[in-house]
Amino acid sequence: MTLVAPPRRAGWIDRPDARIRYEVTGEGPAIVFAHGLGGNLMTWWQQVAHFAPRYTCVAFSHRGFFPSTAPAEGPDPQHYAADLVALVDELGLGEVRIICQSMGGWTGVEYALLRPGRVKALVLGATTGSLDPRQMREPERARLDAWKQESAAARAALAERGINPAAGARMAEEQPALYHLYQHIFGLNQGFDREAVRAKLDAHRRRAPAELIAAKCPVLFVPPEEDIVLPPFAAAAMARDIPGARVAPLLKAGHSAQFERAREFNALVDAFFAEVGA
């Protein structure tokens, strides 16, 4: 039997102060992938390959992330959702499913709130996006300060070993080739202050969890068990304030679980899509 590769095309959308690069692979209902602070559109190679035979997969690079451009002062997350609105409209996608990781959660949550009822499914991997962990329920909220101290110490220890905390020690030790690829993708994003973007993300993280109800979409949180970048226990606490929200922890995985444990991550998303009819 001769296999036929899913159709693929790429292009740019022009924003008033940036150019956004995107790639479209496959045919069918649309999935949009929103990457994290350490990635770009290449981050999703294992998800695109998995979903493209059944879905139209749209991967894009946030403004400022390779090869997209940004203003001289660097990317500002407050523009991410509007950029996604422009992309969805340019491609004529209509209803979409959005799969996010880390920073991409800010894009996904804000887009879903901008367009209530038009997101068929929202997957938040290693993120709560602009939903504020400081407003989550107890007893998880009481754990936050201690976790921040432990997280800072763990990240510093990895830095001393030359290991990227967004990938984690397990990926570096168990899958060195995959970790090497992760570092290449990470290194393509240059020309802006990464910590300044991180600070802006925190400044935009002010929403109470229940605000996501207004998006009128099914939500799946996928917290990696070994995440030391964002608190993995926040997902369960927030889900209790969002009727119908699911939580599917990914074991033995660090912050970039969709990259490190792609098969397991994809299976969780498949099951979620099937459950909610997406």
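In this predicted model, β6 (119-125) and α8 (234-239) each contribute at least two residues to the lining of the largest cavity. That cavity encloses a volume of about 90 Å³. Its lining is made up of 15 residues, and those closest to the centre are Ala126, Thr127, Thr128, Pro231 and Pro232. By residue class, the lining of the largest cavity comprises 11 nonpolar, 3 polar and 1 charged.

A search of this kind has a simple basis: rolling a probe the size of a water molecule over the atoms reveals where empty space remains. In total, the structure contains 2 cavities of 30 Å³ or more. The second largest cavity holds about 30 Å³ of space. Its walls are formed by Gln101, Gly125, Ala126, Val222, Pro224, Ala257, Gln258 and Phe265. Ala126 is thus worth a look on screen, as it is listed among the residues closest to the centre of the largest cavity and also lines the second largest cavity. The lining of the second largest cavity divides into 5 nonpolar and 3 polar residues, with no charged ones.

Attention now turns from the cavities to the pockets. The largest pocket offers about 670 Å³ of space. Of its 32 lining residues, Arg155, Arg198, Arg205, Val229 and Leu230 are the closest to its centre. Two or more lining residues are provided by each of the elements α4 (144-160), α6 and α7. Among the contributors, α7 gives the largest share of this lining, with 6 residues. The lining of the largest pocket is chemically mixed, with 15 nonpolar, 8 polar and 9 charged residues. For comparison at the bench, the corresponding list for the largest cavity reads 11 nonpolar, 3 polar and 1 charged.

The surface also has a feature to point out. Met42, Phe66 and Leu188 together form a nonpolar patch there, with about 230 Å² of accessible area between them. Leu188 sits in the loop that links α6 (176-187) and α7 (194-203). What is the relative accessible area of Leu188, and how is this residue classed? The value is 34%, so Leu188 counts as partly exposed. That figure also places Leu188 above the cut-off for patch membership, because a patch residue needs over 30% relative accessible area. The two helices on either side of this loop, α6 and α7, are also among the elements that give two or more residues to the lining of the largest pocket.

Terms used
Residues are numbered from 1 along each chain as its sequence is written. This is a predicted model: local features need pLDDT of at least 70, side-chain atom pairs count only at pLDDT 80 or more; totals for chains, interfaces and linings use all residues. Side-chain values use heavy atoms; hydrogens and water are left out. Patches are made of residues with over 30% relative accessible area and no salt bridge: like charges are joined within 9 Å, nonpolar side chains (Val, Leu, Ile, Met, Phe, Trp, Tyr) within 5 Å. Accessible areas come from the Shrake-Rupley method with a 1.4 Å probe; for residues, only the protein chains shown count as cover. A salt bridge is a side-chain nitrogen of Lys or Arg within 4 Å of a carboxyl oxygen of Asp or Glu. Helices (H or I, at least four residues) and strands (E, at least two) are DSSP runs, numbered from the N terminus. Buried means under 20% relative accessible area, exposed over 50%, partly exposed in between (1.4 Å probe, protein chains only). On a 1 Å grid over the protein atoms alone, a cavity is a set of points where a 1.4 Å probe fits but cannot get out, and a pocket is an open set with protein on both sides within 12 Å along at least five of seven lines; lining residues have an atom within 4 Å of a point. Grid points are joined across faces, edges and corners, and a volume is the space filled by probe spheres set on the points. Ala, Val, Leu, Ile, Met, Phe, Trp, Tyr, Cys and Pro count as nonpolar, Asp, Glu, Lys and Arg as charged, and the others, Gly among them, as polar.
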